[in-house]
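This report walks through a protein model part by part, for a reader who has not seen it before. Please look over the sequence and the structure below before reading on.

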Amino acid sequence: MKKILFLFALSIPAFFQHSFSQCLVTNPAVELQTATQMPGGCEVIFNLSWEQEVNAGNKFAYIHLWRTDQYPNLYASGQAYAHSSDFPTVPDLSNALATIVIDGNGTISPVIGTEYHPIPAVSVLTTGLSVKKEIVNSVRERMTLRNIRVMVPTCNGAGITGDIWASQADNGKNVHCVSAGVSVVVGNPRVTGLLFCQLPRQYSIQITNVGDTSVELTYNVYIDEGDADYEPTSHDLKITSTAIGPFILAPGAVYQSGIQSYLPYSNLKPYSDNGLWVEVAETGNTHKTIYFISNSCIPLPVNFVSFSAVRDESSVKLTWETSQESDCYGFEIQKKVGKDFSTIAFVASLAPSGNSQSLLSYQYIDFNPVKSVSEYRIRQKDLNGHAKLTEIRFVRGMGQESGMLIYPNPSVNGQVNVLFDSEGKKDVVLYDNAGRLIRQWRAVPGTVLQISNLKTGLYIVKVINVESKATMSKKFKVIF
């Protein structure tokens, strides 16, 4: 199910009376798990996280949530928190959406409490809840509450406002510190994302303004450390050097990032096997909207830095490098001359026990005097029997002409490969036999361009070198 996201805004009240201090809550974020429209409202399940000061003396923390339009503002009205004994009472909580208790808030392993200690008669939310603490630094820690379930009026635009307070008393009744007026708005902007498994990994992001006013947004992307917890200031790796944006979205407008790379991490363990966090900020607000792009790709056992196949007279020299290997057994060399690939050799891993974090270099020389194009690839195998294939490298036949080469010609499946001599960028144009423009590509890098989904007919490929402006044309046929 797609995730809908919350905006999370924190308003800090005036300094508390007497010896009270604020529970300094910063960097809040909310991630919605589900939103289900039901008779009488919308059931939402969401994760809530925030940073707070390290305080080993805090024994309990309490979170009270209300609909924003029913928020009693207990602090401002003087109904609670004015003195250490002024905790929220039954009348204060009569229309609350939920009360959540964290026992052992000051310990390294807090747990969800089953009782509102000041007044045990008050019902508390426990079903499905969990809590986790992560250390940020010597003075800050991040709390994450998972699977908070409440009913709100609508799945699109309902507000939730809450108070968070802590107690250092053994009986949990004395108010030590408070943050009041934590406000949440459901659903805007909506964020979704995809992670593409081909190597190197890539991602795309979509952000939609479902509100009725324009918003100015920026966003950052982080690589999760592997625990699926949002920890942007401590454990997760930021891969956007600066925030993307700002950009303005009118009501109903959609921002598309397009397919984005994140080299070198997208080709490097453990980063390539972890999900991504999208963190969206709205100008003028302190909230963050977050979305987790899960990584369901098969874990990367080997990180290939390079792979090349180069003809040398009657032989082809294959070289490849890996920057890390995990449980790697070795490499099958596969060649195709004509219809199918076949394995021609096996090269064992140089990594001790198949594991290495160092650069390792490999080489294999294949005797290949054929005069037509050959294709090579490597099938990497790990110790558990899993395998993956590299990209294909094309090699000209022995004595085959230089310049542009189209292979196969004729094509019997509507797909051809255009081989170039140089890595430089080229503009490529495809015409049919009547001179009509069929497709075109701008600034094509590398030495191979694959053209697919062609119908039966005669075609002309024209290539223009971007720098020298030199041109070359060739014909080919497609026959089914």
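## A buried cysteine without a partner

Cys328 is buried, with a relative accessible area of 3%. The model is a predicted one. The closest cysteine sulfur to that of Cys328 belongs to Cys297 and is 19 Å away, which is too far for a bond. A disulfide needs two cysteine sulfur atoms within 2.5 Å, so Cys328 is left without a bond of this kind to Cys297.

## The disulfide

How many disulfides does a search of the whole structure find? The search finds one. It joins Cys197 to Cys297, with an S to S distance of 2.0 Å. The link between Cys197 and Cys297 is left-handed, with -90 degrees about the S-S bond.

The two cysteines are 100 residues apart, and the pair links distant parts of the chain. Cys197 is in the loop between β12 (190–196) and β13 (202–208), whereas Cys297 is in the loop between β20 (289–293) and β21 (302–312). Cys197 counts as partly exposed, at 36% relative accessibility. Cys297 is buried, with a relative accessible area of 11%.

## Two nonpolar cores

In soluble globular proteins, nonpolar side chains tend to be buried together. In this model the largest nonpolar core has 30 residues. Phe46, Trp50, Leu145 and Ile148 are the residues with the most contacts inside this core. Two or more residues come from each of several elements, among them β3 (26–38), β4 (41–53), β9 (140–152) and β10 (159–167). A second core, separate from this one, has 20 residues and includes Leu195, Tyr262, Val278 and Tyr291.

Leu145 shows how residues from distant places in the sequence meet in the larger core. With its neighbours within four places in sequence left aside, Leu145 is in contact with Phe46, Asn47, Leu48 and Trp50, and also with residues including Ile63, Ile100, Ile102 and Ile112. Ser130 and Val131 are in contact with Leu145 as well.

## Strand β14 and its partners

Is strand β14 (residues 215–223) largely enclosed or largely open? Seven of its nine residues are buried, so the rest of the structure largely encloses β14.

β14 runs antiparallel to strand β19 (residues 276–282), and seven bridges join the two. One of the paired positions is Val221, whose bridge partner in β19 is Val278. Val278 is also included in the second core, the one of 20 residues. Strand β16 (residues 244–249) is joined to β14 by four bridges, again antiparallel. There, Glu216 stands opposite Ile248 of β16. Strand β15 (residues 237–238) has two bridges to β14 and runs antiparallel to it, with Ile223 opposite Leu237 of β15.

## Two open sheets

Strands of a sheet pair through backbone hydrogen bonds, either parallel or antiparallel. One open sheet has three strands in the order β21-β22-β25, with antiparallel pairing. β21 and β25 (360–367) are the edge strands; each has a single partner strand, so one side of each lacks a neighbour in the sheet. From one strand to the next the twist averages 15 degrees. Ten bridges link β21 with strand β22 (residues 315–325) in the antiparallel sense. Among the residues paired there, Val302 has Glu325 of β22 as its bridge partner.

Another open sheet, also of three strands, has the order β29-β30-β33 and antiparallel pairing. Its edge strands, β29 (405–407) and β33 (448–451), each pair on one side only. With direction ignored, neighbouring strands of this sheet are turned by 20 degrees against each other on average. Strand β30 (residues 416–419) is joined to β33 by four bridges and runs antiparallel to it. In this pairing Val418 stands opposite Leu449 of β33.

## Two buried aspartates

Asp382 lies in strand β26 (residues 374–382). It counts as buried, at 9% relative accessibility. A polar atom of the Asp382 side chain lies 3.1 Å from the backbone nitrogen of Gly385.

Asp432 belongs to strand β31 (residues 426–432) and is buried, with a relative accessible area of 11%. The backbone nitrogen of Ala434 is 3.0 Å from a polar atom of the Asp432 side chain. Not counting residues up to four places away in sequence, Asp432 touches Ile438, Leu458, Tyr459 and Ile460.

Methods. Residues are numbered from 1 along each chain as its sequence is written. This is a predicted model: local features need pLDDT of at least 70, side-chain atom pairs count only at pLDDT 80 or more; totals for chains, interfaces and linings use all residues. Side-chain values use heavy atoms; hydrogens and water are left out. A nonpolar core is a set of buried Ala, Val, Leu, Ile, Met, Phe, Trp, Tyr and Cys residues joined through side-chain atoms within 4.5 Å. Buried means under 20% relative accessible area, exposed over 50%, partly exposed in between (1.4 Å probe, protein chains only). Contact means heavy atoms within 4.5 Å. Two strands pair if DSSP finds at least two bridges between them. Axes are lines fitted to C-alpha atoms, for helices over the stretch in contact, and angles run from 0 to 180 degrees between N-to-C directions. A polar contact is a pair of N or O atoms within 3.5 Å; within protein, one must be able to donate a hydrogen and the other to accept it, and residues adjacent in sequence count only if both atoms are side-chain atoms.
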